[in-house]
Structures are given as C-alpha cells and as structure tokens.
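User: Please take a close look at one part of this predicted model. I would like a connected account of the interface between its domains, seen from one side, and of the links found elsewhere in the chain.

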Amino acid sequence: MKRTTLAASAAVALAWASQANAQANELTLCWAAWDPANALVELSKDFEAQSGIRMKFEFVPWPNFADRILNELNSGGQLCDLLIGDSQWIGGAAENGWYVKLNDFFDAEGISMDDFAPATVYAYSTWPKGTPNYYALPAMGDANGWFYRKDWFNRDDIKAAYKEATGQDLREPQSQKELLQIAQFFQGREIDGKTVYGASIFTERGSEGITMGATGALYAWGFKYENTPGSYDMEGAVNSPEAVEALEFYKELYKTATPPGYDNAYMEQSLDAFKSGQVAMAMNWFAFFPGLYADPNTGGDKIDFFVNPPQNVAASTLGGQGISVVANTDNMDGALAYIKWFAQPDVQKKWWAAGGYSCHKAVLEDPNFVNTAPFAGDFLQAMAGVQDFWQEPAYAQLLLAMQARLHNYIVADQGTAKEALDGLIADWTEIFQDEGKL
C-alpha cells in the first residue's frame with residue numbers, strides 16, 4: 001500500500017513538473033482579431049523554430065478587445081505573456097504596473113529606439129509621453145486612411161458628369177471639403193444599374209468608432225486637446241471655432257453622403273460597404289489595405305488609396321500598437337526572447353512583406369519601400385502627421401465621454417457642435433479632477 005502511495009505521489013509530481021516545463025516552453029500572445037494578427041501567426045513560426053518555444057495566440061474581435069484585455073490586466077490574470085495593446089493603453093498600463101519597463105532589457109540587447117520611426121516610439125512605447133521610458137516595442141504602425149473605386153473615378157461618363165456638376169475634374173480629394181463634394185456627387189447615383197453612395201465612415205458608438213472617424217476631420221482642421229501640452233487646459237482648444245467647423249463637417253458627411261441606416265458603423269461595416277460595391281470611397285485603417293488590394297471583386301486595378309486629406313493642416317488619426325511584456329507572465333525569459341527576435345531588421349522586413357506594418361527604419365527608409373505596395377507611400381505620408389487620443393490612465397472614461405457626445409450630436413441630432421464640445425470639456429474636466437490632474 002505504501003509503495004502504491006509513493007508511486008502515485010511520484011506520478012503527480014512528475015505531471016506537475018511536466019506541466020510547469022510545458023508552460024515555461026510556451027508563450028501566449030494577445031491581440032485583436034484581424035488580418036495582421038493572422039500574418040503574425042505565420043511570421044512567428046520562425047521564432048518557434050529558432051527558440052523551441054511554442055507560440056499560442058488569443059485574438060479578440062475589435063469591438064470586445066479593450067474590455068476583454070483591460071479586464072484581464074486589471075484582474076491580474078495570466079492569459080497573456082505578450083500583448084499588442086492599443087496606443088491609448090500605455091499610460092494606464094505603465095502606471096498600474098501591467099507592462100514591464102523595457103529600458104534595461106533594450107540596453108542589454110542593443111535594441112535602440114532610434115531605429116524606429118519617432119512618431120511610433122512616442123505613441124506606442126513611451127510613458128510619460130516623450131520621455132525615454134519604454135513599455136513597448138513599436139510593433140504595428142497604423143493610421144486611418146481612405147480608399148476609393150479607381151475604376152469609377154476613371155470612367156469618362158462619370159468624369160464628365162462630375163465636371164458638369166462641379167466645374168472641376170474628378171480626382172483624389174485634396175481637402176476635406178473636396179472629399180465631401182465628391183461623396184455628395186456619388187450619393188444616390190446609378191452606376192451599372194445599381195444605386196451607390198458617397199462614402200462609408202465610422203459612426204459606431206459602443207467602443208471607439210465615431211471618435212476615430214471624427215478625429216480625422218478634427219485633426220485636419222487643427223483640433224488640439226490642450227492649449228499647452230500637459231496642462232489639461234482644454235477651453236478654447238477642444239471647442240475652438242475650427243473644432244466646431246470640423247464637427248459640423250463630419251455630421252454633414254454622415255447625413256448627406258453615407259449609405260442608409262449607417263448609424264453604428266465601424267471597421268467591418270466600412271469594409272463590407274466598399275467590397276459590396278455600395279460606396280465610391282471609404283475610410284479605414286491602413287492595416288486592412290493589403291486585404292483590400294487583394295480582393296477579387298473590388299481590389300487590384302479597381303481600387304486606389306489616399307491619405308486623410310488636409311484642411312487647415314495635414315493630419316491623420318493614429319492607429320497601431322506596440323508589443324509589451326505583461327508583468328504577470330510566468331515565462332519572462334521567453335517573452336523577452338520574442339521581443340528580441342521581433343526587433344531584428346530582417347524579421348521586420350518579413351513582417352512588412354507578410355502584411356504587417358513595420359515601424360523599423362530599416363524597412364521604412366529603404367529607397368524601394370514606396371514601390372513595395374500601392375499604399376506604401378501613402379502610409380509613410382500618413383505616419384508623418386499622425387495624432388492620437390489621450391493616452392492617460394483614465395483613457396477609457398475619456399473615450400466613452402467623447403463617444404457619447406459625438407454620437408449624440410452627429411447621429412442623434414442632439415444640440416449643436418459647440419454644445420457637444422463644451423459638454424465634452426465638462427466631462428473631461430470632471431474626469432481629470434477625479435484623477436487629481438486638475
């Protein structure tokens with residue numbers, strides 16, 4: 001009986017040791033569920049082969065991504081060893097101790113942030129902003145851009161009709177107002193026996209959609225969150241005359257140039273509207289452009305791309321993410337090994353070729369980079385003028401306030417643009433007061 005008990009105990013101990021060894025020999029990387037994530041799975045097979053570490057992946061649909069992962073981090077869960085998290089999370093993740101500070105590791109391994117595009121280091125890696133305190137490696141450069149039906153724009157009958165209607169030549173829009181004019185021209189037009197519409201834009205309220213869409217106009221008009229960076233002095237900046245005009249513009253674009261029933265649309269709906277042939281133009285993240293170009297129905301020579309048009313300034317809404325080591329990982333050495341591997345220039349070149357958006361200068365500053373994809377040059381131009389939402393620890397509350405104010409004004413027709421922005425300042429002031437920032 002005693003020998004049986006000892007044998008059983010030994011078996012249990014062996015199983016535990018085996019399980020612990022397996023955990024030490026695997027990593028779970030968490031990210032949103034989208035095309036670049038699939039590309040990273042393929043790319044990571046090289047890391048598995050070189051390291052002997054098994055890679056697992058947890059990809060969450062975008063509408064649920066923030067809630068799912070931020071709850072995981074806040075609860076101290078151990079789902080993720082590595083996380084490609086949104087740029088806006090960096091402040092909260094750093095101050096709450098969710099991400100490992102990577103400075104010592106970067107120094108030891110010779111990984112220099114000077115090798116990455118400055119805008120991406122600032123947005124994806126640093127906290128406090130602009131300081132040399134790094135909590136992520138720039139992983140996925142991204143911005144909100146535009147694409148359009150090049151085949152429609154090139155048709156003689158459509159070009160003639162546009163010239164007659166506007167007195168101008170039909171082209172890629174050179175300003176926000178020209179974009180609106182083109183979208184309104186296509187709205188309700190019949191092309192090949194089908195009624196089409198001007199543009200698919202972001203109007204979704206539940207997560208971040210309408211904010212990410214409307215800021216494309218706001219930034220182009222010169223919108224600022226503060227009069228002086230770091231001051232939280234918002235009066236006269238958030239509700240400036242330029243900001244009011246931009247918000248009125250975005251509402252007009254929504255009301256006069258989008259498909260019917262388009263009141264809660266984000267990434268998926270924008271893509272669907274374009275791929276189904278409903279719209280002449282659409283906004284979406286550069287991350288989707290490789291898949292759009294490859295689409296058998298509306299890609300190839302039927303599509304082309306352009307940067308968010310300027311109005312008063314050239315600016316684009318920043319997307320993209322850095323890759324961080326989650327402080328709760330039970331495989332710290334493996335997670336850091338993945339970061340070291342991913343930072344290599346040759347891996348970054350493969351990342352771009354696979355459909356990811358590298359932030360490494362070895363990729364972006366290659367003289368041939370602009371020739372590697374029909375949207376490569378636009379991507380460089382967009383990333384040179386990107387602007388981002390608050391990266392404060394209270395980011396989620398700040399975002400929900402803006403989502404509500406914008407959606408109520410733009411979609412639900414409540415109040416004026418000035419009232420919406422004044423109300424937003426009041427919301428944000430209360431949040432920052434609660435945070436001890438004001």
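Analyst: What follows treats the interface of domain 1 and domain 2, then the disulfide and two salt bridges.

The model is predicted, so every value below is computed from predicted coordinates. The domain assignment splits the chain into domain 1, made of 26-142 and 319-387, and domain 2, made of 144-317 and 394-434. Taken over C-alpha atoms, the centres of domain 1 and domain 2 lie 27 Å apart.

Contact between the two involves 23 residues of domain 1 and 24 residues of domain 2. The size of an interface is often given as the accessible area lost when the parts come together. For domain 1 and domain 2 the buried area is about 2,000 Å², with 65% of it on carbon and sulfur atoms. On the domain 1 side, the residues that lose the most area to domain 2 are Gln88, Phe375 and Gln387, which together account for 30% of what that side buries.

As for polar links, five residue pairs are in polar contact across the interface of domain 1 and domain 2, both residues of each pair being at pLDDT 80 or more. Zero salt bridges are found across this interface.

On the side of domain 1 that touches domain 2, the elements giving two or more residues are helix 2 (35-51), helix 3 (62-74), helix 17 (376-383) and strand 13 (386-387). Helix 17 supplies the largest share, four residues. By residue class, this side of domain 1 divides into 13 nonpolar, six polar and four charged residues.

Next, the covalent link. A disulfide is a covalent bond between the sulfur atoms of two cysteines. The structure holds one disulfide, formed by Cys30 and Cys80 with their sulfur atoms 2.1 Å apart. The link of Cys30 and Cys80 is left-handed, with -95° about the S-S bond. Cys30 lies in strand 1 (residues 26-32) and Cys80 in the loop between helix 3 and strand 3 (82-86), so the pair links distant parts of the chain, 50 residues apart.

Salt bridges number 18 in the structure, and two of them share Glu26. One is with Arg54, where the closest N and O atoms are 3.5 Å apart. Arg54 is in strand 2 (residues 54-60) and Glu26 in strand 1, so this pair ties together parts 28 residues apart in sequence. The other is with Lys56, at 3.7 Å from N to O. Lys56 also belongs to strand 2, so its pairing with Glu26 of strand 1 ties together parts 30 residues apart in sequence.

Technical notes: Residues numbered from 1 in each chain as written. Predicted model: local features only at pLDDT ≥ 70, side-chain atom pairs only at ≥ 80, totals over all residues. Heavy atoms only, no water. Domains from an automatic or database assignment. Contact = heavy atoms within 4.5 Å. Buried area = accessible area lost by both parts, 1.4 Å probe. Salt bridge = Lys/Arg side-chain N within 4 Å of Asp/Glu carboxyl O. Polar contact = N/O pair within 3.5 Å; in protein donor to acceptor, adjacent residues only side chain to side chain. Nonpolar A, V, L, I, M, F, W, Y, C, P; charged D, E, K, R; others polar. Disulfide = S-S within 2.5 Å.
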